Amino acid sequence: MSKTNHHKRKDYEAQYIRLYKEVHGNDGQDISATVSRLSNFSLLNYMNVLLIKKDCIPFTPNELKMKLV
């Protein structure tokens with residue numbers, strides 16, 4: 001059986017935008033263009049900050065180094 005990566009960047013970008021809106025409200029700021037320019041590590045790191053603000057379980061250090069396709 002081949003090993004596949006199920007971590008898709010577009011899914012994480014959508015999740016980040018959703019979390020951002022939950023934490024900061026709908027302040028009219030469109031962050032989708034900014035999100036697409038972030039590196040994988042930066043995207044996951046910023047998501048981590050939002051997860052902590054929402055009292056959710058943050059990513060582990062190994063998860064922050066994931067390769068997103």
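**Four helices in a predicted model**

Among the elements of the protein, α3 carries the highest mean pLDDT (96) and α2 the lowest (87). The model is predicted, and for the protein overall the mean pLDDT is 89, with 91% of the residues reaching 70 or more. Where pLDDT is low, the predicted coordinates should not be read in detail.

The protein contains 4 helices and 0 strands, and along the sequence the pattern is α-α-α-α. Along the principal axes, the C-alpha trace spans about 45 × 25 × 20 Å. Of the 69 residues, 28% count as buried. When contacts with a separation of 6 or more are considered, residues 24 or more positions apart account for 62% of them.

Helix α3 is a suitable place to begin a closer reading. Helix α3 comprises 14 residues, residues 40-53, and at 1.5 Å a residue it should span 20 Å; the C-alpha atoms at its ends are 20 Å apart, and the model therefore agrees with the expectation. Within α3, the residues L43, L44, M47, N48, L50 and L51 are buried. These buried residues pack against three other elements, namely α1 (9-24), α2 (32-35) and α4 (61-64).

What angle and what distance between axes describe the packing of α1 and α3? The angle is about 35°, and the axes of the two helices lie 10 Å apart. The crossing in which α1 passes α3 is left-handed. On the α1 side, the contact is made by R9, Y12, E13, Q15, Y16, L19, Y20, V23 and H24. On the α3 side, the participants are N40, L43, L44, Y46, M47, L50, L51 and K53. By class, the residues of this contact divide into 11 nonpolar, 3 polar and 3 charged.

The segments flanking these helices supply further detail. In the segment before α1 one finds H6. This residue counts as exposed because its relative accessibility is 62%, and the cut-off for exposure is over 50%. The C-alpha atom of H6 is separated by 14 Å from that of N40, although the two residues are 34 residues apart along the chain.

The loop between α2 and α3 contains L38. Is L38 buried or exposed? With a relative accessibility of 19%, L38 counts as buried, since the cut-off for that class is under 20%. Leaving aside residues up to four places away in sequence, L38 touches R9, L43 and Y46. Those three residues also take part in the contact of α1 with α3, R9 from α1 and both L43 and Y46 from α3. Between L38 and V49, which are 11 residues apart along the chain, the C-alpha separation is 15 Å.

On the other side of α3, the chain enters the loop between α3 and α4, where D55 is placed. Just after α3, D55 adopts a positive phi of about 60°, and D55 does so although it is not a glycine. Which class of accessibility does D55 fall into? At 72% relative accessibility, D55 counts as exposed, because the value lies over 50%.

Taken together, these details centre on α3. Its buried residues pack against α1, α2 and α4, L38 is located in the loop between α2 and α3, and D55 is located in the loop between α3 and α4.

Conventions:
Residues numbered from 1 in each chain as written. Predicted model: local features only at pLDDT ≥ 70, side-chain atom pairs only at ≥ 80, totals over all residues. Heavy atoms only, no water. Expected span 1.5 Å × (residues − 1). Buried < 20%, exposed > 50% of the residue type's maximum accessible area, 1.4 Å probe, protein only. Contact = heavy atoms within 4.5 Å. Axes fitted to C-alpha atoms, helices over the stretch in contact; angles between N-to-C directions. Left-handed = near helix turned anticlockwise from the far one by under 90°. Nonpolar A, V, L, I, M, F, W, Y, C, P; charged D, E, K, R; others polar. pLDDT = per-residue confidence, 0-100.
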